[in-house]
Amino acid sequence: MPTFDLAITPLRDLNQALHDVAPGSNDLHFEVINPRGSHAVACGVSAPVAIDVQGNVGYYCGGMNEDATITIHGSAGPGVGENMMSGTIVVKGDASQYAGATACGGMLVIEGNASSRCGISMKGVDIVVRGSIGHMSAFMAQAGNLVVLGDAGDALGDSLYEAKIFVRGSVKSLGADCIPKAMKPKHLERLARLLEKAGITDVKPEEFKRYGSARKLYTFHVDNADAY
Amino acid sequence: MCGIVGLFLKDKSLEPKLGEMLSTMLVTMTDRGPDSAGIAIYGGAAGSEAKITVQSPTPAKDFAGLQAELEQALGQAISVEAKSTHAVITLPRDKLEEGRAALSELRPDIRIMSSGDAIEIYKETGLPRDVVQRFGVAGMSGTHGIGHTRMATESAVTTLGAHPFSTGSDQCLVHNGSLSNHNNLRRELKHQGMRFETENDSEVAAAYLTAEMAKGKNLGEALEGAVDDLDGFFTFVVGTKSGFGVLRDAIACKPAVMAETDQYVAFGSEYRALVSLPGIEAARVWEPEPATVYFWEH
């Protein structure tokens with residue numbers, strides 16, 4: 001198992017080694033120590049490797065991730081998992097603003113709290129937050145699922161498209177065009193699947209409320225289609 | 001983008017190391033603001049003395065003979081300690097206003113960075129590492145301090161455009177962000193008698209807090225008002241003689257991380273700024289909430 005100590009090894013060496021993992025390689029477990037808030041740790045990985053990051057990271061950890069399983073044994077700075085395509089990122093601590101922004105696939109699990117703009121413009125990722133999330137989360141979220149075991153801040157799901165939001169606690173306020181929706185059996189099944197995948201066994205899907213787009217904004221009216 | 005660091009000590013045994021700790025923190029924020037850097041350090045408040053920190057573009061000329069000329073003008077022994085482009089003038093507190101007036105007569109080109117019982121401000125253009133080195137910040141002791149690395153957006157890269165800004169006795173402010181109603185607010189504050197040295201938006205925020213505190217508010221109350229009265233993006237860290245405050249606007253897109261232990265409260269634009277602090281692994285680390293005033297006092 002290769003170990004990279006970022007106190008003595010340049011970040012580029014780590015990321016290059018991760019980008020160089022060849023198909024069929026057997027050395028698929030990496031450990032990163034002393035990240036000390038570094039930016040762009042394990043960015044752009046596109047191999048089915050497991051990466052354990054021992055400590056806190058800065059901006060954009062695991063950005064653009066494809067296939068890798070990244071576990072951050074600490075907290076993450078802004079933009080963790082930004083634009084991830086697939087794979088799994090687990091943050092054992094808290095995540096700063098815009099976690100999972102624009103992410104297209106895979107799963108992002110935040111075991112602590114996430115800050116503002118969690119899942120902004122998400123495009124297919126599944127985000128599960130064990131704690132609470134900040135204001136403007138899921139702003140313009142297009143596809144995927146945002147599951148929050150705690151509370152949500154102001155303006156949740158503003159200008160939402162097709163993403164689904166499940167919140168177990170309170171919602172401080174809903175954003176424009178975001179409304180509570182009925183939890184149907186198919187949604188309970190979906191939520192159960194997401195919780196299971198995130199390794200969460202101590203809460204039940206029935207404890208959540210579902211939120212989604214009312215589809216009333218001008219973008220949803222065909223009369224406005226030629227405005228762009 | 002700018003970088004902010006701040007350190008408010010609870011444990012007196014760390015006071016001799018304040019400058020060293022702040023310098024290390026500041027240099028980690030170089031890539032957030034390589035244009036200019038500045039530091040406000042609070043310490044050495046002694047009895048009936050006050051301090052004025054001044055800056056000169058031509059220190060060799062301006063600081064030569066300054067002590068003797070000021071002593072003659074004030075009829076009083078004072079001290080002048082030159083540090084590169086800055087000098088700290090220590091004088092009796094009851095001579096502070098007289099001293100400031102004499103300074104502007106004797107050396108019209110000198111700029112006053114700060115005045116008060118405890119505050120000293122050092123700021124210049126250039127890389128943070130070079131700025132802290134030229135003033136010997138690492139060797140300074142104190143109770144609390146605030147540093148800033150600047151990437152200019154709203155006004156020119158000059159010494160006076162660097163942070164911290166001080167608009168009142170023992171007060172200072174650093175800012176990451178940009179204000180959108182600063183011109184109007186500056187006009188209103190001028191009507192209230194505030195004076196401005198620059199066209200910088202952050203100076204307006206500092207002057208706003210000074211004006212509010214002059215009405216009898218404490219720092220925490222003045223910051224509460226700023227949430228409503230200041231428009232734009234901001235993360236502020238502010239200092240007073242005994243206090244240390246943090247405020248982010250309601251949108252809170254400018255980054256901020258805080259850490260607290262039994263020994264200190266620390267602020268960084270990023271966690272990287274905090275990693276060198278003692279006991280950081282066991283500290284309570286959190287992101288300050290939007291539109292929420294955080295305020296500590298000795």
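**Chain A, overall**

I began with the radius of gyration of chain A, taken over C-alpha atoms. Chain A has 18 Å, and a compact globule with 228 residues would have one near 17 Å, so the two agree. The rule I used for the globule is 2.2 Å times the number of residues to the power 0.38. This is a predicted model, in which local features need pLDDT of at least 70 and side-chain atom pairs count only at pLDDT 80 or more, while totals for chains, interfaces and linings use all residues. Residues are numbered from 1 along each chain as its sequence is written, and chains are lettered from A and ligands numbered from 1 in the order in which they are written.

I then boxed the C-alpha atoms of chain A along the principal axes and got roughly 55 × 45 × 30 Å. I counted two helices and eleven strands in chain A. Both kinds of element are DSSP runs numbered from the N terminus: helices are H or I with at least four residues, strands are E with at least two. Along the sequence, chain A reads β-α-β-β-β-β-β-β-β-β-β-α-β.

Next came burial. In chain A, 52% of the 228 residues count as buried. Buried means 20 or more other C-beta atoms within 10 Å of the residue's own, exposed means 12 or fewer, and partly exposed lies in between, with C-beta atoms placed from the backbone. I also checked contacts, meaning C-beta atoms, placed from the backbone, within 7 Å. In chain A, 23% of contacts with a separation of 6 or more link residues 24 or more positions apart.

**Chain B, overall**

Chain B has a radius of gyration of 18 Å, which agrees with the value near 19 Å for a compact globule with 298 residues. Its C-alpha box, along the principal axes, is roughly 55 × 45 × 35 Å. I found eight helices and 15 strands in chain B. Of its 298 residues, 50% count as buried. For contacts in chain B between residues at least 6 apart in sequence, 72% join residues at least 24 apart.

I looked up the domains, whose bounds come from an automatic or database domain assignment. Chain B is split into domain 1 (3-44 + 124-297) and domain 2 (46-117). Their C-alpha centres lie 24 Å apart. Domain 1 of chain B gives 13 residues to the contact and domain 2 of chain B gives twelve.

**The seven-stranded sheet**

In chain B I traced an open sheet of seven strands, order 7-2-8-1-13-12-14, with antiparallel pairing. Strands pair if DSSP finds at least two bridges between them. Strand 7 (119-125) and strand 14 (284-286) of chain B are the edges, each pairing on one side only. Neighbouring strands of this sheet are turned by 10° on average, direction ignored. Axes here are lines fitted to C-alpha atoms, for helices over the stretch in contact, and angles run from 0 to 180 degrees between N-to-C directions.

I went through strand 8 of chain B in detail. How many of its residues are buried? Seven of the seven are, so strand 8 of chain B is largely enclosed by the rest of the structure. H144(B), I146(B), H148(B) and R150(B) point one way, and G145(B), G147(B) and T149(B) the other.

Strand 1 (residues 3-9) of chain B pairs antiparallel with strand 8 (residues 144-150) of chain B over six bridges. There, L7(B) has G145(B) as its bridge partner, and G3(B) stands opposite T149(B). Strand 2 of chain B also pairs antiparallel with strand 8 of chain B, over seven bridges. Y42(B) is bridged to H144(B).

Helix 1 (residues 18-28) of chain B lies across strands 1, 2, 8 and 13 of chain B, at about 155° to strand 1 of chain B.

**The four-stranded sheet**

A second entry for chain B is an open sheet of four strands, order 9-10-11-15, with antiparallel pairing. Strand 9 (172-179) and strand 15 (294-297) of chain B each have a single partner strand, so one side of each is left without a neighbour in the sheet. Eight bridges join strand 9 of chain B to strand 10 (residues 232-239) of chain B. N176(B) stands opposite T235(B). Helix 7 (residues 201-214) of chain B crosses strand 9 and strand 10 of chain B, running at about 130° to strand 9 of chain B.

**Where the chains meet**

Last, I checked the contact between the chains: nine residues from chain B and eleven from chain A.

How values were computed. Contact = placed C-beta atoms within 7 Å.
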